[in-house]
Each structure stands twice: as C-alpha cells, then as structure tokens.
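Colleague: I should be grateful for a short tutorial on how to read the contacts and the fold of a model such as this one.

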Amino acid sequence: MSEATTPKNQIAEFHWEKLDCKNQPAGGLGAWRAKVPGGWLVAIRCGGGEGGGVTFYPDPYHQWDGGTMD
C-alpha cells in the first residue's frame with residue numbers, strides 16, 4: 001500500500017535505516033536516514049549528550065547509498 005492510499009484510520013509507518021559510521025569522533029555518533037518524497041530525512045545523534053539534529057537531503061530518485069565520498 002502506498003503512502004497516498006493509507007486509510008485514514010491506519011497510522012503510516014516510518015522506517016529509519018541506521019548508517020554505519022566509521023572513524024567516529026570521541027563520544028560516538030549515530031546516523032540514520034529515512035526515505036521520504038523527494039529525498040531523505042537524515043538524523044544525527046552525538047554521544048555523550050552533545051546533541052544532534054535532523055535535516056532534509058534532496059535526492060528525488062533516491063540514488064544516495066547512505067555513504068560518504070572518499
């Protein structure tokens with residue numbers, strides 16, 4: 001069932017994909033992405049209580065594999 005046809009009495013599911021963070025800074029780091037219309041929501045959480053954030057990464061065809069450029 002697509003997002004456009006979710007019945008009003010049913011709650012849509014939201015799926016986060018954990019990204020494999022290499023060479024993390026001190027305290028650790030967590031990163032996740034979720035496929036949404038037009039791109040990705042990306043969430044970052046810093047270990048040790050330093051905070052985090054969420055941003056939108058435009059990628060209309062969802063071509064980003066979740067990795068970084070070396």
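**Reading the features in turn**

Modeller: Let us begin with a charge and a ring: R33 lies over the face of W40, with 3.9 Å to the ring centre. A charge is said to sit over a ring if NZ of Lys or CZ of Arg is within 6 Å of the ring centre and within 35 degrees of the ring normal. The charged end of R33 also sits over the ring of W64, 5.2 Å from its centre. Please note that this is a predicted model, in which local features need pLDDT of at least 70 and side-chain atom pairs count only at pLDDT 80 or more, while totals for chains, interfaces and linings use all residues. Residues are numbered from 1 along each chain as its sequence is written, and side-chain values use heavy atoms, with hydrogens and water left out.

Colleague: Is R33 buried or exposed?

Modeller: The terms rest on relative accessible area: buried means under 20%, exposed over 50%, and partly exposed in between, with a 1.4 Å probe and protein chains only. R33, at 7%, is buried.

Colleague: With which side chain does R33 meet in a salt bridge?

Modeller: Side chains of opposite charge can pair when their charged atoms come close. Here a salt bridge requires a side-chain nitrogen of Lys or Arg within 4 Å of a carboxyl oxygen of Asp or Glu. R33 meets E17 in this way, at 2.9 Å from N to O. Since E17 lies in strand β1 and R33 in strand β2, the pair ties together parts that are 16 residues apart in sequence. E17 has 37% relative accessibility and therefore counts as partly exposed.

Colleague: How many salt bridges does the structure hold?

Modeller: There are two. Besides the E17 pair, D20 forms a salt bridge with K22, whose closest N and O atoms are 3.0 Å apart. Both ends of this second bridge are exposed, D20 at 60% and K22 at 61%.

Colleague: You mentioned strands. In what order do the four strands of the sheet run?

Modeller: Strands of a sheet pair through backbone hydrogen bonds, either parallel or antiparallel. Strands (E, at least two residues) are DSSP runs numbered from the N terminus, and two of them pair if DSSP finds at least two bridges between them. This sheet is open, in the order β1-β2-β3-β4, with antiparallel pairing. β1 (17–19) and β4 (51–58) stand at the edges with a single partner strand each, so one side of each has no neighbour in the sheet. From one strand to the next, the twist averages 25 degrees, as an angle between N-to-C directions of axes fitted to C-alpha atoms, on a scale from 0 to 180 degrees.

Colleague: Over how many bridges do β2 and β3 pair?

Modeller: Strand β2 (residues 29–36) and strand β3 (residues 39–46) pair over eight bridges. Within this pairing, L29 has C46 as its bridge partner, and R33 stands opposite V42. The two strands form a hairpin with two residues between them, and G38 in the turn has a positive phi of about 90 degrees. On the other side, β1 and β2 pair over three bridges, with K18 opposite W32. Six of the eight residues of β2 are buried, so this strand is largely enclosed by the rest of the structure.

Colleague: Which residues do the ring pairs link into a cluster?

Modeller: A pair of aromatic rings is described by the distance of the centres and the angle of the planes. Rings of Phe, Tyr and Trp (its six-membered ring) pair if their centres lie within 6.5 Å; planes under 30 degrees apart count as stacked, over 60 as edge-to-face, and the rest as tilted. The cluster links W40, Y57 and W64, and the count comes to three aromatic pairs. Y57 and W64 have ring centres 5.2 Å apart and planes at 55 degrees, so this pair is tilted. Y57 is partly exposed, at 40% relative accessibility.

Colleague: Why is there no bond between the sulfur of C21 and its closest cysteine sulfur?

Modeller: A disulfide is a pair of cysteine sulfur atoms within 2.5 Å. The sulfur of C21 is 10.0 Å from that of C46, its closest, which is too far for a bond. The structure accordingly holds zero disulfides. C21 is buried at 18% relative accessibility, whereas C46 is partly exposed at 28%.
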